[in-house]
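Please read the following points with the sequence and the coordinates open beside them. They take the strands and their connections before turning to the empty spaces and a few local details.

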Amino acid sequence: MDEILKYFPRLTAAQIDKFAALQDLYEDWNAKINVISRKDISNLYLHHVLHSLSIAKILPLKAGNKVADAGTGGGFPGIPLAIMFPDSQFELIDSTGKKLKVVDDIAGKLSIGNVSTKHSRMEDVRNCYDFIVSRAALSLPDLVKVCQGKISKEQRNCIPNGLICLKGGDLTDEIKPFRKIAEVYELQDFFEEEYFTTKKAIYIPLC
């Protein structure tokens, strides 16, 4: 929790309680199914929660947004973002049903009422969203392809509606098709921990 409070010092007591409860809940689920690498569960807040919340540094969502998390797995970045932005709705989408059981259980136990889940591949989803977020679920060209036509034209925020995805490493080839419209954020500009040295967030407007 220290990392979360360090970079987000204005959390409400309710938000702090929810974030603080995540460690025990994910450890309990990880003992049953492999939601997070067992070698990495001790780094939950740095590698998963804070990483997810980097999107909040780029996009301070206004109330009333509808956001999809494509390929959410065990709930990242969707659950941390839903705690951060309780006045927006988050639909967490994944093709693996057992992982969505984890999301449903954690959202229920923490009374995160702005989270719903959809057992589906992103390409089969027919809903529209203000933003789609994702954490390394697909290559960037494939991710953009499955998100096309699923972005609302109604604008609510400081940047146009679109896709924000979290990735690491050399993204030169992936970004080439979108170099004229994509914005790349180096997460080390937001967070000083070494883990974020090679981590990036890519924003692509899709409306």
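1. Two strands are said to pair if DSSP finds at least two bridges between them, and the helices (H or I, at least four residues) and strands (E, at least two) named below are DSSP runs, numbered from the N terminus. With that in hand, Leu92 stands opposite Thr117 in E3, within a parallel arrangement in which five bridges join E2 to strand E3 (residues 115-119).

2. On the basis of the note: this is a predicted model, in which local features need pLDDT of at least 70 and side-chain atom pairs count only at pLDDT 80 or more, whereas totals for chains, interfaces and linings use all residues. Residues are numbered from 1 along each chain as its sequence is written, and side-chain values use heavy atoms, with hydrogens and water left out.

3. Strand E2 (residues 89-94) has another parallel partner to consider, since strand E1 (residues 66-70) pairs with E2 over five bridges, and in this pairing Lys66 stands opposite Gln89. Between the two strands the chain passes through helix H4 (residues 78-84), giving a β-α-β crossover that is right-handed, a term that applies if, with the strands pointing away from the viewer, the path from the first strand over the helix to the second runs clockwise. A right-handed β-α-β unit is also made by E2, helix H5 (residues 97-109) and E3.

4. How enclosed is strand E2 by the rest of the structure? Five of its six residues are buried, so E2 is largely enclosed, where buried means under 20% relative accessible area, exposed over 50% and partly exposed in between (1.4 Å probe, protein chains only).

5. A further group of strands deserves its own paragraph. Strand E4 (residues 131-135) pairs with E5 in the parallel sense over five bridges, and the bridge partner of Arg135 in E5 is Leu166. The chain crosses from E4 to E5 through helix H6 (residues 140-147), and this β-α-β crossover is right-handed. Strand E5 (residues 162-168) is mostly covered, with six of its seven residues buried. On pairing with strand E7 (residues 199-205), E5 runs antiparallel over seven bridges, and Lys167 stands opposite Lys200 in E7.

6. On open space, the largest pocket has a volume of about 200 Å³. The search used a 1 Å grid over the protein atoms alone, in which a cavity is a set of points where a 1.4 Å probe fits but cannot get out, a pocket is an open set with protein on both sides within 12 Å along at least five of seven lines, and lining residues have an atom within 4 Å of a point. Grid points are joined across faces, edges and corners, and a volume is the space filled by probe spheres set on the points. The lining of the largest pocket includes Val35, His48, Thr72 and Lys99, and its residues divide into three nonpolar, five polar and three charged; here Ala, Val, Leu, Ile, Met, Phe, Trp, Tyr, Cys and Pro count as nonpolar, Asp, Glu, Lys and Arg as charged, and the others, Gly among them, as polar.

7. An unreviewed UniProt entry places the feature "binding site" at Gly71, Phe76, Asp94, Ser95, Thr96 and Arg135. From this set, the lining of the largest pocket takes in Gly71, Phe76, Asp94 and Arg135. Such annotations may be inferred rather than shown by experiment. Thr96 has its place in the loop between E2 and H5, and counts as partly exposed because its relative accessibility is 29%.

8. On enclosed space, a search of the whole structure finds one cavity of 30 Å³ or more, and the largest cavity has a volume of about 50 Å³. Among the residues that line the largest cavity are Ile55, Val67, Leu81, Phe90 and Val133, and by class this lining has nine nonpolar, no polar and no charged residues.

9. Two backbone details merit a look. The peptide bond from Phe76 to Pro77 is cis, with omega near 10 degrees, and Pro77 has its place in the loop between E1 and H4. Ser111, in the loop between H5 and E3, has phi near 55 degrees, a positive value in a residue other than glycine, and Ser111 is exposed, with a relative accessible area of 59%.
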